[in-house]
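Here are my notes on the model you sent over. Have it open while you read.

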Amino acid sequence: MDKILVLDFGGQYNQLIARRVRSEHVYAEIKPYNKISPQEIKEAGYKGIIFTGGPNSVYDTASPHYDPEVLELGIPVLGICYGCQLLAHLAGGEITPADSGSEYGKTELYTEDSVLFGGVPRESICWMSHTDYVRTAPEGFKVIAHTDKCPCAAISDDSRKLYGVQFHPEVTHTVYGQQILRNFLFSVCGCKADWKAESFVESSIEKYKTQLAGKRVLLALSGGVDSTVAAVLLNKAIGSNLVCVFVDHGLMRKDEGDYVEQTLGGKFGINLIRVNAEERFLDRLKGVTDPEQKRKIIGEEFIRVFEDEAKKLGKINVLVQGTIYPDVIESGKGDSAVIKSHHNVGGLPDVISFEEIVEPLRDLFKDEVREVGKQLGLPHELVWRQPFPGPGLAVRVIGEITKDKLDLLREADAIFREEIAKAGIESSVNQYFAVLTDLRSVGVMGDARTYGYTVALRAVTTDDFMTAEWARLPYEVLEKASSRITNEVKGITRVVYDITSKPPATVEWE
Ligand code: XMP
């Protein structure tokens with residue numbers, strides 16, 4: 001399989017570049033610039049290298065640099081933004097700190113004849129975000145595009161297959177960006193488009209048939225997309241040697257536990273053990289109101305239940321984890337402040353000993369995991385499941401958690417989801433749910449005074465859940481949901497809609 005190296009110099013779009021390459025069915029890997037040498041690049045057999053952008057200036061001593069030998073490997077290079085300046089700098093060009101030349105946003109781009117611009121009109125819009133720029137192209141290079149402020153918006157040395165673009169082809173604002181990437185991949189690097197979900201499924205099944213032959217393999221199934229896809233994939237490879245433990249903590253949405261059990265245990269014939277641990281969890285959560293405390297208790301209890309179950313199973317050789325590529329890239333990047341201690345059912349325990357850990361999805365982005373799920377025949381609603389936090393409804397019941405409150409919330413949440421589905425707007429909202437607040441208020445029903453809970457509805461649109469916008473749901477949907485919830489769920493007398501974005505709020509309330 002042909003592969004492209006995305007050499008990361010700290011740019012904010014590194015993952016996006018890799019995803020854009022992969023969307024052309026060419027496999028791309030991201031490596032930090034200081035973790036791979038030119039020699040290692042050569043040995044790994046990459047068909048091309050993309051230098052990413054970065055926040056720095058090449059003249060900063062602290063800014064990321066690279067061994068100029070990379071230009072002599074005979075492997076094509078495409079430098080983007082800072083990557084373009086670095087390429088020019090390594091090749092002996094001159095970079096200018098461009099006080100007057102800095103550009104930000106949509107910019108008119110004028111291109112010349114070049115293999116990089118096949119199918120790109122002479123004038124088009126690109127996305128710029130830079131202060132420095134390349135003032136004079138290095139020896140052997142020619143200028144193949146400019147803008148009104150930037151004399152070298154793109155440069156090339158066709159004989160060495162070295163290309164640099166000051167703009168960002170990976171963002172959709174660059175109208176012909178994908179075409180430019182395609183030209184680099186296929187016309188410059190000569191890649192074959194053979195990175196496909198079907199071949200991933202086939203080769204993984206073959207690989208695990210051999211690697212895991214005769215071994216007992218354990219997987220913690222949460223019902224989320226990643227662990228579900230991993231389970232179905234491995235089930236195809238090793239059948240009943242795979243044991244999936246599904247810890248039902250009683251904090252699932254309405255009918256969710258049954259759905260997971262019926263679909264995966266029933267339809268897909270996966271060797272599935274459902275542990276009904278509701279009482280254990282609710283016992284431990286009694287009287288607890290602090291959100292972090294709730295999360296910690298659920299995380300710990302989860303591991304305990306899982307351990308107890310694993311012990312009953314006897315000797316297990318391999319633990320499966322649902323790690324995906326963004327987790328791999330993010331790990332080791334330094335810690336940011338803990339806003340919430342996320343508990344992922346996939347990230348399991350140090351305490352049980354296994355000979356081996358297998359991560360069948362560690363090379364995949366989320367959209368590729370979904371594609372693989374589709375390929376494996378998983379139903380649409382499982383593949384396109386919205387994210388659900390590991391601690392489940394515990395972080396959507398504000399204050400103390402009781403079974404009664406959970407039941408109220410489950411009903412309200414189910415109604416909200418039903419109304420969104422009826423309106424046919426599920427795919428335009430990335431996550432939506434109900435929250436049971438700790439607030440009670442006075443209402444009137446018939447001629448009688450009522451005193452019940454307030455439910456908050458939350459719906460967001462987002463690309464990556466790092467930031468999110470509150471969704472502008474149609475009033476009719478909100479009205480219908482509100483009226484049904486207050487009529488059908490006894491104990492809820494008021495419904496409010498959350499109109500806060502992230503930041504400053506988070507998606508979940510706790
Ligand atoms: P926040 O609330 O941090 O949520 O803005 C961002 C996304 O993460 C989900 N979330 C979690 N996912 N374990 C998870 O696996 C957790 O503990 C957790 N807490 C929040 C949340 O639903 C949203 O999609």
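The points below cover the domains, one helix and some ring contacts.

1. Ground rules: this is a predicted model, with local features needing pLDDT of at least 70, side-chain atom pairs counting only at pLDDT 80 or more, and totals for chains, interfaces and linings using all residues. Numbering runs from 1 along each chain as its sequence is written, and side-chain values use heavy atoms, leaving out hydrogens and water.

2. We have domain 1 (3-188), domain 2 (197-383) and domain 3 (396-497), with bounds from an automatic or database domain assignment. The centres of domain 1 and domain 3, taken over C-alpha atoms, sit 47 Å apart.

3. Look at helix H5 (residues 197-211); helices are DSSP runs (H or I, at least four residues) and strands likewise (E, at least two), numbered from the N terminus. Its buried residues (under 20% relative accessible area, 1.4 Å probe, protein chains only) are Ala197, Phe200, Val201, Ser204, Ile205 and Tyr208. They span an arc of only 125° around the axis, so they are on the same side of H5; the arc is that of the directions from the helix axis to the C-beta atoms. Glu202 and Thr210, on the face turned away, are exposed (over 50%).

4. There are ten aromatic pairs (ring centres of Phe, Tyr or Trp, its six-membered ring, within 6.5 Å; planes under 30 degrees apart are stacked, over 60 edge-to-face, the rest tilted). Tyr325 and Phe365 are edge-to-face, because their planes are at 80°, with centres 5.3 Å apart. Tyr325 lies in helix H10 and Phe365 in the loop between S16 and H11, so this pair ties together parts 40 residues apart in sequence.
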